[in-house]
Amino acid sequence: MCKKLSMTVIMLLSVVMLVGGILPSVGHAQKNNESISTESTESTESTVLTLDDTMTVSEQNSIINEYLSDPNIDELIILDESLLKESNVIENGPSTNARAIINKYKVQNVRGGSDATGSSGLATAIGGPGVVLNISQNKSVATTVSANFGASNAALSGALGYSVTGTTTITISGTFKVPSKVNGKSIKSLKFTTYPVYKTKLYDVYKMPWNSFSWTKQGTGTAKKAYGVSYKKVYTYK
């Protein structure tokens, strides 16, 4: 069962150049009523940053590392909405089943669902106090659908707006120094793990049997496309 997470959403709209470093100019800072669901059994406060594509990669990484260096942040989620956009997606329409070509299928009522954090880690780094942990790599994450109910991949892709058989390349970049203490507790080690974050969509599949002129709902499915990274820190205390 997925557990809901409360979180603070911070939109990265611009940066202000200041003497001594680069600090984010935060716009639209607010508590968000929407939640990210996770397959983990733990509940934690999450800080969510949505990347502004007008910023340079260096500026984005600087802000990400600044938040990762905060010992009070156990989970940092970085979202990149540009990864949800795809071109040359096949248009949706009634589709045929290869085993019964006179049966027709269509995908309708596509709507958004809660974001979900994957349970399988993409990369992990472990170190003790004073050690600089760094994860910097690209990972390919497959788009998934829970069921097609007879509809073709082309029909699903056209309705959802992205290829259901494709992958998303997720860029992971995070560096910070392991602190010696957190909230007055001495640190023995820190485990730093990244997970994919998915944008989910729900959809309904309808079928028109060969001997009918009416559509019948076959079921509701869920599609997941990766568009972000969850950075999680787990401390081991002395």
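**Exercise 1. Work out whether K199 and its salt-bridge partner D115 are buried or partly exposed, and which strands they connect.**

Solution, in steps:

1. Start with K199: its relative accessible area is 26%, and since buried means under 20% and exposed over 50%, K199 is partly exposed. Keep in mind that this is a predicted model.
2. Turn to D115, where the relative accessible area is 9%, so this residue is buried.
3. Now check the contact: the two side chains form a salt bridge, with 3.6 Å from N to O.
4. Finally, place the partners. K199 belongs to strand β15 and D115 to strand β9 (residues 115–117), so the salt bridge ties together parts that are 84 residues apart in sequence.

**Exercise 2. Find which residues are linked with D204 in a network of salt bridges.**

Solution, in steps:

1. Take R111 to begin with: its salt bridge with D204 has its closest N and O atoms 3.2 Å apart. Because D204 lies in strand β15 and R111 in strand β8 (residues 100–112), parts 93 residues apart in sequence are tied together.
2. Next comes K217, which also forms a salt bridge with D204, the closest N and O atoms being 3.6 Å apart. K217 sits in strand β16 and D204 in strand β15, 13 residues apart.
3. Put the two together, and R111, D204 and K217 make up a network of salt bridges.
4. Add the accessibilities: D204 is buried at 5%, whereas R111 at 33% is partly exposed, and so is K217 at 44%.

**Exercise 3. Identify how β16 pairs with β6, β12 and β15.**

Solution, in steps:

1. Look at β15 and β16, which run antiparallel and are joined by 20 bridges. In β16, A223 stands opposite K201.
2. Move on to β6: this strand pairs with β16 in the antiparallel sense over five bridges, and L79 faces G228 of β16.
3. End with β12 (residues 144–145), joined to β16 by two bridges, again antiparallel. Here T144 has K224 as its bridge partner.

**Exercise 4. Locate L76 within the largest nonpolar core and list what this residue touches.**

Solution, in steps:

1. The core has 29 residues, and L76, F192 and Y231 touch the most other members. Among the elements that each supply at least two residues are α1 (57–68), β6 (75–79) and β16 (216–237).
2. Leaving out residues up to four places away in sequence, L76 touches T47, L49, I64, Y67, L68, V229, S230 and Y231.
3. Apart from this core lies another, of eleven residues, including V107, A155, Y162 and Y203.

How values were computed: Residues are numbered from 1 along each chain as its sequence is written. This is a predicted model: local features need pLDDT of at least 70, side-chain atom pairs count only at pLDDT 80 or more; totals for chains, interfaces and linings use all residues. Side-chain values use heavy atoms; hydrogens and water are left out. A nonpolar core is a set of buried Ala, Val, Leu, Ile, Met, Phe, Trp, Tyr and Cys residues joined through side-chain atoms within 4.5 Å. Buried means under 20% relative accessible area, exposed over 50%, partly exposed in between (1.4 Å probe, protein chains only). Helices (H or I, at least four residues) and strands (E, at least two) are DSSP runs, numbered from the N terminus. Contact means heavy atoms within 4.5 Å. Two strands pair if DSSP finds at least two bridges between them. A salt bridge is a side-chain nitrogen of Lys or Arg within 4 Å of a carboxyl oxygen of Asp or Glu.
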